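Biologist: Please take a close look at a single part of this model, and set it in the context of the rest before you describe it in detail.

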Amino acid sequence: MNGACPAPARGGDDPAAALAKALELVARGTDQLRAAMAVEWDAPAAELYRAAVGEAVRGVVQDLELLEEAMRRAAAYLATGATA
Amino acid sequence: MTGAGPAAPPVPEPPAGPHRPSDTVTVFGGAGVAAVESDSVRRAAGRVALVADDLRAAAAQCLAASEDVVLPGIGGAAATPGAHWRPDGVGSWAGPASVLAARALETAARNAAQALTDRARQCDALGWRLLRAAGLYEEAESTAERAVGALVTTWAFGTGTALGARGWSGLAGVGVLGAGELAGRSVGRTLTGGVSSALTAWSAAAATRALAPYSDEVFAGLGAGVGLGQPALAHGRVRIAGGAAVLAHVARELPVLGNDDRGLRVTQVAPEDFASGALPAWSGTGAGSVQDALARIDSLYPGTGGAPAGTVAVQKVTGHDGAVSWTVLVPGTQSALPADHPWDGRTDLELMAGQADGATAAIEQALVNSGVGPDEPVVLVGHSLGGIAAATLLARPGFTERYRVGGVVTAGAPTGLVATPPGVPVLHLETPEEVVSQTDGRSAAENPRTRDRVTVVRTLQDSISAIDRATAGDVVAAHALTTHVRTLDLALGSGDARVTEVTERIGARLAGATASTTYYRAERVDP
């Protein structure tokens, strides 16, 4: 799996629902990532790891913004469909 | 209810190559983290692996969302009416505003998917790096590499046996080919017949990269074959040591080119003996680090440092508390053919064969001449031949009774066949592309692994760095001290616990309040 772009999940034919599911997964991942920062090891490698996880958490926050942007676009798309 | 305990945390997969330079470093041996810490490290790595899975699943949802969008007039999704959700919900197409919104949604969803996929890779790499730095990731040769390696060994064994069985002409051929190869690479590309074309350079680089992973198998097979072809000269040994014994005999007895001098003269080198007319600038300063000590060896080569051939450095360091320690710096081969000094191909072969050699004899004489006391720690740092000599001395019966060895560092040296005693920190630096470190028929992974003995190997061709990739295709550059110093820098930069520990143990012996260095030159002489 690693290194490859994932295959699309089976959609429910509703982009907003798929994005909501993605948001849920990312939110859970963010919490897990914060928890993963706790490693009981007093060593330079652990310091590097904690710093890198912190950076990854900040990166996931940026990814969430992209996801929220997609959700806004989905809402706009639905709105145009509803008024067509 | 199965009674099984909690599931083991998932193990993050290594990042797909090419890698950032520090990820091309692999460490074998040494003391990893304690058991209590290893549980915590494994849990943390498992958590980030789960995060990576979640992020990949989220990316898949984003891609699904982008595919759920129907764009009129476009193939794919739009070509299968009814298969997808449509904004109007009844199957009729929306207007231009809907098209724009659909395109914007598709783009946004794909952007999010790409970002999440990249983030998942980052998380996998975080866990993988953590496990590696703690010594908890099991590095393994791939099945394909092992299979090809076995074939290469078989082929090389057949070649070695055939050459050995041809007697003098075949053995001389092995020697001349080997010497010519080394000399050609060392002296420069002009030996390619004056037509040092881009094609020649490219093909040599490509061959180096392609064959580097299997060079240990080539030497294992060749050495075993030569030993079998000449069992008397190999003294019954058919592995690398047997082949090396046969070739060492050739190096001593070969008409015209051979050198069978058994005597040795060790003399102190004066400043005017250096090409610059002065001793190296660092002579009065203790090495600040293991990397510093390694880099200093360049000053002992005639080419890069202007030192007389066959020169070693013995540095005495006195700490603030008056404690004395010593550092011995030993360069590598300076002549592929037998020479009037022991830093030649003959000594390489004698060391590999476990025979008496001039280099270790010269180092021992230099220690005696310097007045090294039995309780004063000695650190031996060697490059290439110097590394084999350093490890050989440590393993030699009686040496550790005469001297208190504080550590051994080897760079680009085939030391896998040398058994070092416990309690002495030993650090080996290797890269497969240099070929030299694999002439013992052992890859870095096959070097002895103990708590005290650490091998750090860097696979240059896997790096994203343009410099590393260029170095990967150049045996001389791959073997250079600068390459090995960078390897150690990267390993320490990654925080690897095993490298940090062994380096700190050795490094503590190198620096002090005052330092003085004496240089010795060794020459072969008739007894």
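Modeller: Two residues are in contact if their C-beta atoms, placed from the backbone, lie within 7 Å. This is a predicted model, in which local features need pLDDT of at least 70 and side-chain atom pairs count only at pLDDT 80 or more, while totals for chains, interfaces and linings use all residues. Residues are numbered from 1 along each chain as its sequence is written, and chains are lettered from A and ligands numbered from 1 in the order in which they are written.

Where the chains meet, chain B contributes 61 residues to the contact and chain A contributes 52. On the side of chain B that touches chain A, the elements giving two or more residues are α1 (35-68), α2 (96-133) and α17 (497-507) of chain B, helices being DSSP runs of H or I of at least four residues, numbered from the N terminus. The largest share of that side, 22 residues, comes from α1(B). Chain A itself has two helices and zero strands (a strand being a DSSP run of E of at least two residues).

The part I would single out is helix α11 of chain B, residues 358-370. Its 13 residues should span 18 Å at 1.5 Å a residue, counted over one less than the number of residues, and its end C-alpha atoms are indeed 18 Å apart, which agrees. Buried residues, those with 20 or more other C-beta atoms within 10 Å of their own, are in this helix B:G358, B:A359, B:T360, B:A362, B:I363, B:A366 and B:L367. Just after α11(B), B:G371 takes a positive phi of about 75 degrees.

The axis of α11(B) comes within 9 Å of the axis of helix α12 of chain B (residues 385-395), and the two cross at roughly 65 degrees, the axes being lines fitted to C-alpha atoms over the stretch in contact, with angles from 0 to 180 degrees between N-to-C directions. That makes α11(B) roughly perpendicular to α12(B), a term that covers 65 to 115 degrees. The contact is made by B:A359, B:T360 and B:I363 of α11(B), together with B:L385, B:A389, B:T392 and B:L393 of α12(B). These residues divide into five nonpolar, two polar and no charged, where Ala, Val, Leu, Ile, Met, Phe, Trp, Tyr, Cys and Pro count as nonpolar, Asp, Glu, Lys and Arg as charged, and the others, Gly among them, as polar. On the side of α11(B), B:A359, B:T360 and B:I363 thus belong both to the buried residues and to the contact with α12(B).

Conventions. A residue is buried if 20 or more other C-beta atoms lie within 10 Å of its own, exposed if 12 or fewer, and partly exposed in between; C-beta atoms are placed from the backbone. Angles under 35 degrees count as roughly parallel, over 145 as roughly antiparallel, 65 to 115 as roughly perpendicular and the rest as oblique.
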